[in-house]
Amino acid sequence: MANPLHADFYADQAVQRTATIIDNQKMAEGTFRVRFKCPEMAKVALPGQFLMLRINDRNDPLIGRPLAFYDILPDESGEPSLIDVMYIVKGNLTSRLVDCQPGEKVDVWGPLGNGFEPIDTDHLVMVAGGIGQTPFLCLAKEYLGTQSFGRERASASKITFCYGARRNDLLAGEKDFEALGIDVRLCTDDGSLGHHGLVTDLLTQVINERPDGSTMQVVCCGPEPMMEAVAAVSSQHGIPCRVSLETPMACGIGICFSCVTKVQMDDGDWDFKRTCVDGPVFCAEKIVWH
Ligand SMILES: Cc1cc2nc3c(=O)[nH]c(=O)nc-3n(C[C@H](O)[C@H](O)[C@H](O)COP(=O)(O)OP(=O)(O)OC[C@H]3O[C@@H](n4cnc5c(N)ncnc54)[C@H](O)[C@@H]3O)c2cc1C
Ligand code: FES
């Protein structure tokens, strides 16, 4: 088997398929979840990886858009088969995808990117803002051991999901996390639900409750200023933090260099790394945010 730590590995596992939409439903204001059948991809996807998606038989947009695997579900035989993607209606693709009906088709290729490396810890803290919750449902299921992704899973005695949005009607999928029985903490900018404030407040609370000597891992996805702030809080407390970047992408497979991000190298200098093949998950301390 190819070395999963080598960037080539990620696209080598990818398949391209035309998949049939089974369901496309509203999850929150401006946020939808599309479900399609693609067993070949569902079988090999890992938490934190992504796929590229375009609408079959449409020329606009011509290229795909990167979207995280939100959930992977079995078919009647129990084999991984259905893929859920949660998306915010934003631009060219998503404003058309929202009108797609069951039976219509999408072109998908993936899984792509490195995904989250499984790391044992006492307490896994997942921090999300905006549409940043999407890579975490699969990750939580893997840590809980309720779903297997064909690799040795890591363990965590406790999982906390800290999730923030501007208003309560923008929170999407939080009930999916609550259904897993993990510790879910919500916040809104306007105080309409949960803590009135930022996800960094929630993260600080969780860190302050940490028993002495216990280990913690933070994973984070969302708007870049939020990820930078979460990375700073984690670093202040000496807690390892990994971020999943949402850098715009064109090819998704390492060719076009449209997705580069500045990453600190071991020699102290920085270099551009491609988010699609070197990421989207990076150690937060390696990211040069500005
Ligand atoms: C690994 C990864 C996972 C993601 N997962 C999800 C997910 O699960 N759900 C979700 O909703 N979104 C996700 N995203 C973000 C999503 O891919 C983008 O929001 C995508 O652009 C939406 O497509 P669109 O055609 O609807 O919008 P677009 O027409 O692409 O426009 C969206 C906005 O981004 C800007 N933009 C687009 N491309 C570029 C570019 N190359 N340079 C600068 N600005 C640009 C546009 O000006 C516009 O403001 C993910 C991104 C990455 C990299
Ligand atoms: S999107 Fe083309 S190199 Fe990353």
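Where is the place of Pro-61? I looked this up before anything else, in what is a predicted model. Pro-61 sits in the loop that runs between strand 3 and strand 4.

**Entry 1. The loop between strand 3 and strand 4**

I checked the peptide bond from Asp-60 to Pro-61 and found it cis, with omega near 0°. The loop between strand 3 and strand 4 also holds Asp-57. Asp-57 is not a glycine, yet I read a positive phi of about 70° for it. I then asked whether Asp-57 is buried or exposed. I counted 10 C-beta neighbours inside 10 Å, so Asp-57 goes down as exposed.

**Entry 2. Strand 3 and its partners**

I turned to strand 3 (50-55). Five of its six residues are buried, so strand 3 is largely enclosed by the rest of the structure. I followed its pairing with strand 4, which is antiparallel and has four bridges. With strand 7 (residues 105-112), strand 3 also pairs in the antiparallel sense, here over five bridges. I used Met-52 as a marker: its bridge partner in strand 4 is Pro-66, and its bridge partner in strand 7 is Trp-109.

**Entry 3. A hairpin**

I noted that strand 5 (residues 71-74) and strand 6 (residues 80-88) run antiparallel and are joined by four bridges. Leu-73 faces Leu-82 across this pairing. The two strands make a hairpin, with five residues between them. In the turn I found Gly-78 with a positive phi of about 90°.

**Entry 4. Two domains and their contact**

I took the division of the chain as domain 1 (8-112) and domain 2 (121-286). Their centres, taken over C-alpha atoms, are 21 Å apart. To the contact, domain 1 gives 22 residues and domain 2 gives 23 residues. On the side of domain 1 that touches domain 2, the elements giving two or more residues include helix 1 (8-12), strand 1 (15-28), strand 3 and the hairpin strands 5 and 6. I sorted that side by class and got 17 nonpolar, three polar and two charged residues.

**Entry 5. The largest nonpolar core**

I listed the largest nonpolar core at 78 residues. Met-126, Val-127, Val-230 and Val-243 have the most contacts inside it. Both domain 1 and domain 2 give residues to this core, so it lies between them. I picked Val-243 and asked which residues it touches, not counting those up to four places away in sequence. They are Cys-220, Cys-221, Met-227, Ala-231, Phe-282, Ala-284 and Ile-287.

**Entry 6. The seven-stranded sheet**

I traced an open sheet of seven strands in the order 11-10-9-8-12-13-16, with mixed pairing. Strand 11 (195-196) and strand 16 (281-283) stand at the edges with a single partner strand each, so one side of each has no neighbour in the sheet. Further in, I looked at strand 12 and strand 13 (residues 241-244), which run parallel and are joined by four bridges. There Cys-220 stands opposite Val-243, the core residue from Entry 5.

**Entry 7. Helix 4**

How many residues of helix 4 (residues 136-144) are buried? I count eight of its nine. Among them are Phe-136, Leu-137 and Cys-138, as well as Lys-141 and Glu-142. I looked for what covers the buried residues and found, among others, strand 5, strand 8 (121-129), strand 9 (156-165), helix 5 (174-178) and strand 12 (216-221). Just after the helix, Gly-145 has a positive phi of about 85°.

**Entry 8. Around ligand 1**

I found 24 residues surrounding ligand 1, the closest being Gly-91, Leu-93, Thr-94, Thr-134 and Pro-248. Strand 4 and strand 6 are the elements that give two or more residues to this shell. By class, the shell has 14 nonpolar, seven polar and three charged residues. Domain 1 and domain 2 both give residues to the shell, so it lies between them.

**Entry 9. Two further backbone checks**

I found a cis peptide bond from Gly-279 to Pro-280, with omega near 10°. Pro-280 is in the loop between helix 8 (275-278) and strand 16. Phe-257, which is not a glycine, has a positive phi of about 60°. I place Phe-257 in the loop between strand 13 and strand 14 (260-264). It has 11 C-beta neighbours inside 10 Å, so I marked Phe-257 as exposed.

How values were computed:
Residues are numbered from 1 along each chain as its sequence is written. Chains are lettered from A and ligands numbered from 1 in the order in which they are written. This is a predicted model: local features need pLDDT of at least 70, side-chain atom pairs count only at pLDDT 80 or more; totals for chains, interfaces and linings use all residues. A nonpolar core is a set of buried Ala, Val, Leu, Ile, Met, Phe, Trp, Tyr and Cys residues joined through C-beta atoms within 7 Å. A residue is buried if 20 or more other C-beta atoms lie within 10 Å of its own, exposed if 12 or fewer, and partly exposed in between; C-beta atoms are placed from the backbone. Domain bounds come from an automatic or database domain assignment. Two residues are in contact if their C-beta atoms, placed from the backbone, lie within 7 Å. Two strands pair if DSSP finds at least two bridges between them. Ala, Val, Leu, Ile, Met, Phe, Trp, Tyr, Cys and Pro count as nonpolar, Asp, Glu, Lys and Arg as charged, and the others, Gly among them, as polar. A residue is near a molecule or strand if its C-beta atom, placed from the backbone, lies within 6 Å of it.
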